[in-house]
Amino acid sequence: MTASTIRPAVADGRLPGRVWMYSNYHCNLACTYCLTESGPKAQRRELDPEAMIDIARQALELGFTDLGVTGGEIFLLSRMPEVLAELARSLPVVALTNGTLFSRRLLDEVQQLAELPVALQISLDRPDPDTNDAMRGPDNFAKVVAAIPRLVERGVTVRIATTVESIEDAELDRLCELHRGLGVPDADHVIRPIIARGRAVDHDLGVQADVPDLPAELTITADGAFWSPFGPTVHGGRLDTDLLITRTTRPLSVPAQALLGLVEQRPAGADSTLNIR
Amino acid sequence: MLLAASEAPLLARPHYAGGDPGPIVAALAQVPELLVVATPFLGAALGPSAIDWRTKEIVIVRTSALAGCRYCVQSHTVVALDAGLTKAEVSVLRGEAAAENCFSAPRERVLLHWIDAVAGGAGPIDATVRAALRRHWVDHEVVELTAVIGVTLMLNRFATALELPVATQTLDRLAAEGLA
Ligand code: SF4
């Protein structure tokens, strides 16, 4: 019943095809614009790996086409390389990482992803260490530019995500030169705005975003299902519930159906306006 | 525990459109998929229906008093007065006076016995109490009245366990009526 409603909705573009999962909320960094107030001491709010794999299978059955995994820093979870490999057996995966934890051992572990439809999306905001690290923390730039070519040479697909309030053309040109030099083509570079949620609010950063601004991408967390991966944010240590859809996450048909219902209540033309994919 | 309008999940937002939705909705909003099915159900069970308003409030206030639910007793004391019950009748329902003093209609007397047996007791209901009720109320009424008792008990325990706050206007009205 639900597959028969979700699949055509995804196929004709009424519902985005990607299902996101927040694997965890803790992080080795504590960026000033972090949506989830992530940091080393953040509450972990982990999704169990078996639950993630089950959600991926259900997403496939329902007619979704892609998966996204984000956090927190996903590679703080030791099983993440094998989990990503397992998820990719259901659907193509984009996995967001800060790119700072790629030790030789982790590089060896993610090598298995080279053969699979998995892209690692690594954050790199500026072409210079000082401006990049001002928001993301010391040595972030150096670690990221060291990790990317090592991943690329192992055959792992790498995308680069640049999250900025604004960027001058000349600086952006240098950033693009940098990522090309690291082995990442223009097609795999995304630029997105800072959203005024989470820690960004405290630093007076970012643009306001509500339902009309955010793609209706079903996002599963340990706390429930949300409208878009920009939904399950944390502010003042409290999970934001304004973009919560349901607390029930499995069967996935429950939040998927609720999301579709909400999408279909939207007035015509009220689609996402921010480039934040 | 109670979600403010700025925290209202997507499925709960319509409930906040007219202002403060009250603590039951603001608590259930934590689980939006429950809220969206609970509110029509609660509305059907406790709102206007084939059972008249006065009778419903008799059931709700009496059941809530038996369950010791301060939130529901106080909230529905006001509603019961609005439904036309006298202060004396409400005092009886709240367990503060004997029923004989003011509920003289046999239909209401048997109903009170039924509520006391269902909400105040445990295990099977005495057959004579049920038989008395069925002499005065037809089957669908018996079913609905009993459902209202059950729904009220659920809300009683919900409101009591979560310590839902009674609205300030309600407390003011109760004080003004001498029923605080
Ligand atoms: S923005 Fe990403 S890398 Fe930075 S603290 Fe948040 S989760 Fe960690």
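1. In this predicted model, strand β7 of chain A, residues 218-221, pairs with β8(A) in the antiparallel sense over four bridges. A:Thr221 stands opposite A:Gly224 in β8(A), and β7(A) and β8(A) together form a hairpin that leaves two residues between them.

2. On the matter of confidence, the model scores ipTM 0.87 and pTM 0.92. For chain B, the mean pLDDT is 96, with 99% of the residues of that chain reaching 70 or more.

3. The hairpin strands belong to an open sheet of nine strands in chain A, whose order is β6-β5-β4-β3-β2-β1-β7-β8-β11 and whose pairing is mixed. The edges are taken by β6 (189-193) and β11 (244-246) of chain A, each of which pairs on one side only. From one strand to the next, the twist averages 25°.

4. Towards the β11 edge, strand β8 of chain A, residues 224-227, and β11(A) pair in the antiparallel sense over two bridges. Within this pairing, A:Ala225 stands opposite A:Thr246 in β11(A). Elsewhere, helix α6 of chain A, residues 140-153, packs on the sheet, where it touches β4 (118-123) and β5 (157-164) of chain A, and the direction of the helix makes about 165° with that of β4(A).

5. The ligand deserves its own inspection. Its surroundings in chain A consist of A:Cys27, A:Leu29, A:Ala30, A:Cys31, A:Cys34, A:Ser38, A:Gly72, A:Asn98 and A:Arg136. By residue class, this shell around the ligand divides into five nonpolar, three polar and one charged.

6. One of the residues around the ligand, A:Gly72, also takes part in a backbone feature that should be checked in the coordinates. A cis peptide bond joins A:Gly71 and A:Gly72, with omega at about 25°, and A:Gly72 has its place in the loop between β2 (66-70) and α3 (80-88) of chain A.

7. Two further backbone details merit a look. The peptide bond from A:Arg250 to A:Pro251 is cis, with omega near 0°, and A:Pro251 is found in the loop that runs between β11 and α9 (253-265) of chain A. A:Asp204, although it is not a glycine, has a positive phi of about 55°; this residue is found in the loop between α8 (199-202) and β7 of chain A.

8. Which residues of chain A lose the most area to chain B? The contact as a whole takes 14 residues from chain A and twelve residues from chain B, and the two chains bury about 1,100 Å² between them, 50% of it on carbon and sulfur atoms. On the chain A side, the residues that lose the most area are A:Thr241, A:Asp242 and A:Arg247, which together account for 40% of what that side buries.

Terms used:
Residues are numbered from 1 along each chain as its sequence is written. Chains are lettered from A and ligands numbered from 1 in the order in which they are written. This is a predicted model: local features need pLDDT of at least 70, side-chain atom pairs count only at pLDDT 80 or more; totals for chains, interfaces and linings use all residues. Side-chain values use heavy atoms; hydrogens and water are left out. pLDDT is the predictor's confidence in each residue, from 0 to 100. Two strands pair if DSSP finds at least two bridges between them. Axes are lines fitted to C-alpha atoms, for helices over the stretch in contact, and angles run from 0 to 180 degrees between N-to-C directions. Contact means heavy atoms within 4.5 Å. A residue is near a molecule or strand if one of its heavy atoms lies within 4 Å of it. Ala, Val, Leu, Ile, Met, Phe, Trp, Tyr, Cys and Pro count as nonpolar, Asp, Glu, Lys and Arg as charged, and the others, Gly among them, as polar. Buried area is the accessible area (1.4 Å probe) that two parts lose on being put together, summed over both.
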